[in-house]
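Reader: I'd like to go through this one term by term and ask where each label comes from. Can you show me the sequence and the model first?

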Amino acid sequence: MIRKLAVVGLGMVLMAMTMAACGGDDATPKAEDAWARTSAMMQDAGAVYVTITGGDTADRLVKAQAPTEVAAMTEIHETTMNDEGTMMMGQVPAIEVPAGGTVLLEPGGYHIMLMKLAAPLESGQKFDVVLTFETAGDVTVPVEVREQE
Amino acid sequence: MRLRAALCATAIFVLVLAACGGEEAGPAGIVRDPAPEMAALSLPDAANANAEFAFKADPGQLLVVYFGYTSCPDVCPTTLADVRSALEDMGDDAQYVDLAMITVDPDRDDGERLTAYVQSFVADSHALRTDDPDELWAVAEPFGAFYEVGTADDGTVEVGHTAFLYGIDDAGLLQLQWAFGTEPEDLRGDFTLLVNRAKENRG
């Protein structure tokens, strides 16, 4: 029920699939299905959610950058819940991406926080976010703004 | 031992009955038993010229309450969008559900801001805020809600809060609460259950 970070070890199956699809040259993590929720009125912060699939070797997502025309600051954040059920949100230095594994940035878990939005995010709006991985370097992912997951 | 066996048998019997006999599945939310009485509590409603808003649904209706803040990028918009989605799926019955959001961050959420925020999810919903921390806590405690607002080393404001939705009936009893991540379909099912119960009680 609680949406949390899910590290799904798809292992061999996924590796076989990606190798078949990309001819084996797959050192770079893939980022797909990136979206952000339409802003509510007065909401000055937003979140980008994305599915990251690891390449042949483990890597770490160390930075994310949205265009400054969208948000003045972009940070990697995690929402966590303590034993009493209080949900806290804070910046994290990096997100581990295991080789061949999938990391979901989704509501209630990891997300890319857009701080000081320049304007409300509108449904249908599109922008790119550059994800920087420690080893693989920059990966640009298109983000779509919509109401729901 | 014999007592325990008997209890166990009874429990299994009840479970089987519940599984096989009931026409109506239990709620997806967490049942508050005994249901806390909230009707005597109130907060000013910034969406209604700061008139006191009592925690009690209108007759035959359901009141859904949420503690949050507008600078919340992840949890609050997710939950409120799920409420909106559940209400959209309820069709005409959505008119019997009222939403009230209480800000846990009144320093940054003024009345105008809070009203615009919550009403952009659900029209006509209530924006409850007070500048008095004691008044806020006096309301939060019986709900079982908790929150803290602090400032990090880099100056950014950090807010922690319980992220439940609370369902209050027209007698002011807190019947159900829903954890973060409850699917909109489950919210819709429980909202409908409570609305139908409220309608039946009114004959």
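Author: Here is a short run through confidence, the chain contact, the strands, one helix pair and some backbone angles.

Reader: What kind of model is this, and how are things numbered?

Author: This is a predicted model, where local features need pLDDT of at least 70, side-chain atom pairs count only at pLDDT 80 or more, and totals for chains, interfaces and linings use all residues. Residues are numbered from 1 along each chain as its sequence is written, while chains are lettered from A and ligands numbered from 1 in the order in which they are written.

Reader: How do you know what the predictor's confidence is in chain A and chain B?

Author: Look at pLDDT, the predictor's confidence in each residue, from 0 to 100. Chain A averages 86, with 83% of its residues scoring at least 70. Residues 1-25 of chain A are below 50, and that stretch has 33 contacts in the model beyond near neighbours in sequence. Chain B averages 89, and 87% of its residues score at least 70. In chain B, residues 5-23 stay under 50, and the model has zero contacts for them beyond four places in sequence. For the model there are also two scores, ipTM 0.78 and pTM 0.82.

Reader: What makes a residue part of the contact between chain A and chain B?

Author: Two residues are in contact if their C-beta atoms, placed from the backbone, lie within 7 Å. The contact takes 26 residues from chain A and 24 from chain B. On the chain B side, α2, α3 (111-121) and β8 (157-162) each supply at least two residues. Those names come from DSSP runs, numbered from the N terminus: helices are H or I with at least four residues, strands are E with at least two.

Reader: And what is the make-up of the side of chain B that touches chain A, by class?

Author: That side has 11 nonpolar, 10 polar and three charged residues. Here Ala, Val, Leu, Ile, Met, Phe, Trp, Tyr, Cys and Pro count as nonpolar, Asp, Glu, Lys and Arg as charged, and the others, Gly among them, as polar.

Reader: Why do you say that β6(A) is joined to β8(B)?

Author: Two strands pair if DSSP finds at least two bridges between them. Strand β6 (residues 86-91) of chain A and β8(B) have two bridges and run antiparallel, so they count as a pair. A:Thr86 is bridged to B:Thr162, and A:Met87 has B:His161 as its partner.

Reader: Which other strands are joined to β6(A) and β8(B)?

Author: Within chain B, strand β7 (residues 147-151) is joined to β8(B) by five bridges, again antiparallel. B:Thr151 is bridged to B:Val157. The hairpin of β7(B) and β8(B) has five residues between the strands, and B:Gly155 there takes a positive phi near 95°. Within chain A, strand β5 (residues 71-81) pairs with β6(A) in the antiparallel sense over five bridges, one of them linking A:His77 to A:Gln91. β5(A) and β6(A) form a hairpin with four residues between them, and A:Gly85 in the turn has a positive phi of about 90°.

Reader: Why are α2(B) and α5(B) called oblique?

Author: Angles under 35 degrees count as roughly parallel, over 145 as roughly antiparallel, 65 to 115 as roughly perpendicular and the rest as oblique. The axes of α2 (residues 75-90) and α5 (residues 184-201) of chain B cross at roughly 55° and come within 8 Å, so the two helices are oblique to each other. The axes are lines fitted to C-alpha atoms over the stretch in contact, and angles run from 0 to 180 degrees between N-to-C directions.

Reader: Which residues meet there?

Author: Among them are B:Asp82, B:Val83 and B:Ala86 in α2(B), and B:Leu187, B:Arg188 and B:Phe191 in α5(B). The residues of this contact divide into six nonpolar, two polar and three charged.

Reader: What makes A:Asp33 and the bond from B:Asp33 to B:Pro34 worth a look?

Author: Most residues other than glycine have a negative phi, and most peptide bonds are trans. A:Asp33, placed in strand β2 (residues 30-37) of chain A, has a positive phi near 55°. The bond from B:Asp33 to B:Pro34 is cis, with omega near 0°, and B:Pro34 is found in the loop between β1 (30-31) and β2 of chain B.
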